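Colleague: Got a minute to go through a model with me? I'd like to hear the reasoning behind the labels.

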Amino acid sequence: MPHFTLQRLMELARAFLESWSVAACRWPVTTIVVNLLLAGLAGWYSVEALRINTSTTDMISPEVPFRRDAEAYRRAFPFADDQIVVVVDAPSSDQSDAAATRLAERMREHPESLADVEVPSADPYFRRYGLLFLDPPALQDLATRLAGAQAALGTLNEAPNLRGLAGMFDLVLEHAGEDSPATLSDLLGRLADATDSVASGRPEPVSWTGLIKLNDDERFGNRRFVTARAVFADRAFGRGRPALDTVRGAIDALKGEAEGRGVEARVTGAIALRQTELDTVANTAGIATVLSFVLVTAVLTAGMRSARMIGAIMITLMIGLTLSAGLAALVVGRLNLISVTCAVIFFGLGDDFGSHLGLRYQEELRRGQPPPAAVLKAARGVGAPLSLSTLCAIIGFLSFVPTEYLGLAEFGVISALSMVVALFISLTLLPALFILLLPGPGVVRVEREDRAYATWMTRHNSALLGLTALTVLGSLAALPLVRLDVNPLNLQDRRTEAVRTYRALAEVPRTSPYSVNILQTDLAMAQAMAEQLRDNERVGGVRTFASFIPKEQDAKLPIIADMALLLGPSLTAPAEVAALSPADRAEAVATLRNDLTRFAEGNTGNTEARAAAHRFAEALERVSSGGEKALAALDRALTGGIPPLLGRLREGLEVEQPVTAQDVPDSIRRRWIAPDGQARVEVLPTHDISDSRDMARFANAVLAVAPHATGAPVTVTQAGRIVLHAFAEATALTLVLMALVLLTVQRSLSGIVLILVPLGIAALWTMAVAGLLDIPFNFANVIVLPLLFALGVSSSIHMVARGQELERAGTNYGMELLITSTPLAVLVSTLTTSTAFATLAISNHRGLSSMGILLAVAILFTIISALLVLPSLMIGWHRWVHRRTPAADPTSPTRR
């Protein structure tokens with residue numbers, strides 16, 4: 001049985017491709033028609049079957065421990081997935097409450113796209129038992145203040161309007177030495193501010209519940225949240241868009257209503273972030289694809305000077321791209337954050353094959369070969385180096401498949417398939433197009449200009465090697481500046497609403513989306529875990545289901561009972577109060593202004609209270625000159641929050657029995673206790689941990705106590721470790737396998753060194769630039785170095801292979817190589833590749849943008865390595881061999 005070595009397989013593959021080239025040249029029309037039919041079928045299938053998934057978490061294998069922990073948590077509490085969060089901010093807490101409630105009502109009108117719409121702060125449970133959540137000292141202080149304002153509250157209860165407000169101040173100002181519902185100067189100051197806002201035409205209502213400090217709402221200020229679960233649409237590129245459009249439509253409708261005036265509502269959450277990222281990536285991929293096509297065409301035009309040849313290469317690229325998309329849909333079925341750039345990458349790689357074949361074809365034409373013979377000779381000449389570089393590139397692309405970084409594994413599979421397609425059509429379809437279009441040899445270059453480059457290189461190769469050594473040392477010194485940023489939010493466009501809002505929430509620990517969740521078997525275990533974590537220096541707060549059962553109720557219930565006994569008669573729900581007429585409002589304002597003026601000019605009360613009363617009176621005078629509409633707006637601004645205050649007081653004072661776990665409604669319970677009894681522990685950070693290093697410290701502190709914790713900090717930190725490990729593993733695997741392939745095919749240690757050393761230097765330069773420009777490696781651009789080896793090896797292989805070919809022919813090894821078409825082909829192909837990748841830099845997606853920048857830099861460094869460093873090494877090596885064996889036969893294979 002014959003022994004098939006890798007070299008033998010390469011020879012068989014080369015023979016097979018040459019046979020295909022011969023067949024394509026013999027039947028060019030048939031070749032083109034078949035390719036067009038296959039491209040049409042592939043294009044149709046890719047449109048139907050290909051999907052995009054931008055989740056960075058899904059780019060990690062689901063079998064890793066942290067993904068399994070996240071899945072276990074998701075099964076227990078599915079509400080956490082597919083959530084949309086609307087952040088509502090208003091001038092007052094009362095207005096925020098009203099706006100959030102009304103927005104939720106609007107959103108519930110669309111069950112086809114939104115489900116489980118909730119306003120957590122508006123749950124009746126908190127309205128009824130809100131007083132029990134105050135600390136005992138705060139509750140006692142509230143009871144004391146309300147007892148002193150009993151008469152004022154009774155007045156407002158009977159007439160919650162400007163007339164009642166005027167009556168209240170008639171009582172309060174008469175006894176200015178005593179406190180009213182709040183400190184008098186504070187109350188007068190807030191009412192004066194609200195009146196000023198009415199006078200300026202931008203009413204900002206007074207928050208009476210915030211003024212009285214009825215509960216613990218001050219921890220969120222005037223901010224409220226509306227949450228909903230998205231009902232996904234059956235779309236390839238916008239499954240969450242209908243739900244988001246519904247939410248934004250509800251927000252627009254709210255702003256046209258009274259509850260929405262002056263309200264800001266912003267959309268964020270997992271769905272909004274994912275859809276925003278998807279839109280950004282999709283737009284970038286489309287624009288970059290078109291731009292790369294244009295720029296590649298421009299570079300090819302400058303390098304080849306033949307419109308027909310460039311047209312043939314562009315047709316080949318378009319058909320090849322369509323075939324690659326069809327294979328991607330068939331084999332992988334989806335695109336991720338990295339593989340969505342496959343079109344740009346294909347243009348950058350596919351033109352490499354076309355450039356080498358086209359320029360070699362032009363070289364053969366200039367030597368007097370007829371077009372058919374020139375095509376076949378060019379195909380035979382570049383077939384072996386193209387096959388070898390394709391194999392090495394495939395190794396680089398597939399190096400991530402054995403790792404746990406599933407996103408790069410998918411990218412590698414798609415790119416490897418694209419390389420096979422590019423090689424196949426470049427040696428079949430492209431020769432057939434050359435036969436039909438008969439492109440010319442381009443502009444014939446002057447031989448003296450060719451030899452100028454060769455002469456300069458042979459004279460200065462030692463200086464170039466010395467300069468290269470210095471830059472290598474400098475790059476090694478810059479390596480400590482290289483860093484990794486694994487926070488996926490930092491990849492997105494910071495200007496988008498979803499990202500800005502998410503970052504704003506992260507700045508406040510109580511609202512931070514960077515919480516960690518721990519799943520425990522029951523509530524007792526959850527409480528024990530919470531106690532372990534509360535004293536941790538990196539933990540800002542811990543919540544469990546028990547956090548929603550008021551503490552110290554034995555001390556609070558008697559205080560509430562005393563309040564109910566004292567205030568109950570004053571808060572009895574009155575009969576329906578008739579609305580004030582314009583004349584009644586004017587009379588009430590006049591009375592109130594007179595009382596305030598008299599108080600401000602008198603000697604009772606403190607200085608701050610009298611100054612606030614004077615400012616309030618002046619503001620009332622300005623509003624009075626505005627007519628009936630201004631007075632109606634004033635009534636709403638000053639007294640619209642009184643009925644909600646009195647209603648919450650009535651409900652709160654009705655509590656007589658301790659609250660137990662059975663009193664907590666299901667709307668809260670299901671977020672903390674799973675149907676099987678598992679309990680959730682939520683751990684909050686002490687500060688904004690958006691920086692990856694802070695996030696890792698927080699995650700590690702929790703994981704040290706709870707190894708199965710999950711949540712954004714844990715997934716981001718653990719995914720970052722997997723990415724680093726995958727990066728190191730893939731790079732090492734690429735180098736080892738590439739070296740083995742080259743050793744098997746080349747059978748020359750010097751050839752392998754000449755091919756790989758320039759790539760290593762280019763990689764070192766690239767990392768140094770990333771560190772010096774502070775471009776961190778992330779989930780997207782971490783592919784740069786493995787890709788540099790996979791792509792850059794092509795240039796080195798072509799240069800070394802052509803040099804060995806010339807050496808076997810007995811020509812001047814250095815000079816003759818540098819005046820062939822190979823250096824120009826390397827220059828054109830790498831420039832087009834770099835140009836194609838550079839188009840990603842225009843992206844608003846920071847991950848894709850940094851990928852484009854670093855890939856362009858890396859490929860440009862491969863140009864320098866292939867056309868300056870590598871020739872210098874080859875010339876130096878050739879001279880060293882001559883010095884050692886001056887009498888050797890120049891055609892001897894031992895000198896390869």
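Colleague: Before the labels, how many residues of strand β9 (residues 679-685) are buried?

Modeller: Seven of its seven residues, so "buried" had better be clear: it means under 20% relative accessible area, with exposed over 50% and partly exposed in between, using a 1.4 Å probe and protein chains only. Keep in mind that this is a predicted model, where local features need pLDDT of at least 70, side-chain atom pairs count only at pLDDT 80 or more, and totals for chains, interfaces and linings use all residues. Residues are numbered from 1 along each chain as its sequence is written, and side-chain values use heavy atoms, leaving out hydrogens and water.

Colleague: What makes you say that both faces of β9 are covered?

Modeller: On one side Ala 679, Val 681, Val 683 and Pro 685 are buried, and on the other Arg 680, Glu 682 and Leu 684 are buried too.

Colleague: And what makes β7 and β8 partners of β9?

Modeller: Strands are DSSP runs of E with at least two residues, helices are runs of H or I with at least four, and both are numbered from the N terminus. Two strands pair if DSSP finds at least two bridges between them. Five bridges join β7 (residues 516-520) to β9, and four join β8 (residues 539-543) to β9, so both meet the rule of at least two. Both pairings are antiparallel. Asn 517 has Glu 682 as its bridge partner, while Val 539 stands opposite Pro 685.

Colleague: How do you know that Arg 680 sits over the ring of Trp 672?

Modeller: The charged end of Arg 680 is 4.1 Å from the ring centre. The label asks for NZ of Lys or CZ of Arg within 6 Å of the ring centre and within 35 degrees of the ring normal. Arg 26 also lies over a ring face, that of Trp 27, at 5.6 Å from the centre.

Colleague: Why is the pair of Tyr 502 and Tyr 514 called edge-to-face?

Modeller: Let me start with the total: the structure holds 13 aromatic pairs. One of them is Tyr 73 with Phe 77, which is tilted, at 5.6 Å centre to centre and 45° between the planes. Tyr 502 and Tyr 514 are 5.8 Å apart centre to centre, with 80° between the planes. Rings of Phe, Tyr and Trp (its six-membered ring) pair if their centres lie within 6.5 Å; planes under 30 degrees apart count as stacked, over 60 as edge-to-face and the rest as tilted, so 80° earns the edge-to-face label and 45° the tilted one. Both Tyr 502 and Tyr 514 are buried.

Colleague: Why does Pro 758 count as buried?

Modeller: Because its relative accessible area is 1%. Pro 758 is in helix α29 (residues 749-772), and touches Val 753, Ser 865, Leu 870 and Leu 873, leaving aside residues up to four places away in sequence. Contact here means heavy atoms within 4.5 Å.

Colleague: Thr 766 is in α29 too; what makes it buried?

Modeller: Its relative accessibility is 0%, so it counts as buried. Beyond residues up to four places away in sequence, Thr 766 touches several others, including Val 784, Leu 854 and Phe 861.

Colleague: Last one: how do you know that β2 (residues 83-89) and β4 (residues 223-230) pair?

Modeller: Seven bridges join them, running antiparallel, and Val 88 stands opposite Arg 224.
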